[in-house]
Amino acid sequence: MGFGRKLANSTWRWLRAYWVIIAALGLVPGVTLAQTSLSGIPLSSEQLQQFMQSRSANGVGGAQASQLPTETVLRPAQSFRPKLPPSRLEKILSRRAGVKLRQFGYDQLGVGQTVTVPQVGAIANNYVLGPGDEIVVDLRGQVNAQYSVSVTRSGQVVLPKLAPILAAGRTLGAFKEDLDAAVKRAFVATQAYVTLGQLRQISVLVVGDVANPGTRIVTGLSTPVDAILLSGGVKKTGSLRNVELIRDGHVTHIDLYDLLTPHGAPKSIALADGDRILVPPLGPTVAVTGWVRRPGIYELAPGQRAISVRGLMSLAGGLEVRGAYHL
């Protein structure tokens, strides 16, 4: 009889221990670790905290990978006034026309603004990698593993059991091809899936007719417009139609009117570390007023000294009221 009671008590203790493990792992809905213990007495808060810390350290019941931010918010180096005072050009042409005229585009691109760069969504294969970019590699097949590594200062990505792979200065698509080939050589029946995690920060120099010229820290997905807005925007003495992006001695001309009018085709240009953005002085201008949708002062395209009436009407958004006019 005594042996049977000891066996029953032993079995009961074992069942309580099993119940504690099941509850701790969260497999029983509505039951928490604080409600159970080996002795039948609820655990103290200190004991509960110690146990939960040990679970987190062992990776039990928690997420293994840290959540990445969904966006990066970049702010101008200085605070700027939301409205710009009339320029000398605006005063002269307004006096000639007898109505108030403003230079087109500077309300949007002539003041400093906060820039939000999304960190989620697919990254195009033409994205150029650089030191500091985080690369997430998933191996699936005979080998199942996940690695989060950053491109080193030497421009390489180092993964276990693989030779270092050159990444800096190469597109994401080219890197994927090299990594896939390396995985096929090192493992059997294993596929590699590559995504980007945290994007690197890069340094660009903005000079010329901007409110606050200088060096700006942006991300690998930032554009020349982002860097200009972070520099306080283009002054009214600066050009919106002939911005220069200088990279390794090569100059790319950017017409910001492409962003402001429906007739242009904006260039999708991502910045690279060491880029230089130059905003030159304002070029030749023309003014239009009357029955047009956007009366104002417009800058001519680079190399253009004159513009047709039809072209000027197009810049101004067309006629406000359709019909016959004597021009």
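Here is a walk through this structure, from a small sheet to the nonpolar cores and a cluster of rings. Keep in mind that what you're looking at is a predicted model.

Let's start with the sheet. Three strands make up an open sheet in the order 4-3-7, and their pairing is antiparallel. Strands of a sheet pair through backbone hydrogen bonds, either parallel or antiparallel. At the edges you'll find strand 4 (145-150) and strand 7 (190-196); each has a single partner strand, so one side of each has no neighbour in the sheet. Going from one strand to the next, the twist averages 20°.

Now zoom in on strand 3 (residues 134-141). Strand 3 and strand 4 run antiparallel and are joined by six bridges. If you want to trace one of the pairings, look for E134, whose bridge partner in strand 4 is S150. The sheet also has a helix packed on it: helix 5 (residues 172-186) touches strand 3 and strand 7. The direction of helix 5 makes about 155° with that of strand 7.

Next, the nonpolar interior. The largest nonpolar core has 33 residues, and the ones touching the most other members are L256, L271, I277 and Y298. Several elements give two or more residues to this core: helix 4, strand 8 (201-208), helix 6 (224-230), strand 10 (243-247), strand 12 (276-279) and helix 8 (309-315). Helix 6 provides the largest share, with five residues.

I277 is a good place to pause. Setting aside neighbours within four places in sequence, I277 is in contact with a string of residues, including L205, V206 and V207, P224, A227 and I228, V243 and L245, and L271. There's also a second core, separate from the largest one, with 22 residues; V151, L172, F175 and A192 are among them.

Finally, the rings. Taking ring centres within 6.5 Å as the cut-off for a pair, the count comes to two aromatic pairs. In one of them, the rings of F104 and Y257 have centres 5.3 Å apart and planes at 85°, so this pair is edge-to-face. The pair links distant parts of the chain: F104 sits in the loop between helix 3 (88-97) and helix 4 (106-109), while Y257 belongs to helix 7 (residues 257-260), and the two are 153 residues apart. Are these two residues buried or exposed? Both F104 and Y257 are buried. Together with Y298, they form one aromatic cluster. You've met Y298 before: that residue is one of those touching the most other members of the largest nonpolar core.

How values were computed
Residues are numbered from 1 along each chain as its sequence is written. This is a predicted model: local features need pLDDT of at least 70, side-chain atom pairs count only at pLDDT 80 or more; totals for chains, interfaces and linings use all residues. Side-chain values use heavy atoms; hydrogens and water are left out. Rings of Phe, Tyr and Trp (its six-membered ring) pair if their centres lie within 6.5 Å; planes under 30 degrees apart count as stacked, over 60 as edge-to-face and the rest as tilted. Helices (H or I, at least four residues) and strands (E, at least two) are DSSP runs, numbered from the N terminus. Buried means under 20% relative accessible area, exposed over 50%, partly exposed in between (1.4 Å probe, protein chains only). Two strands pair if DSSP finds at least two bridges between them. Axes are lines fitted to C-alpha atoms, for helices over the stretch in contact, and angles run from 0 to 180 degrees between N-to-C directions. Contact means heavy atoms within 4.5 Å. A nonpolar core is a set of buried Ala, Val, Leu, Ile, Met, Phe, Trp, Tyr and Cys residues joined through side-chain atoms within 4.5 Å.
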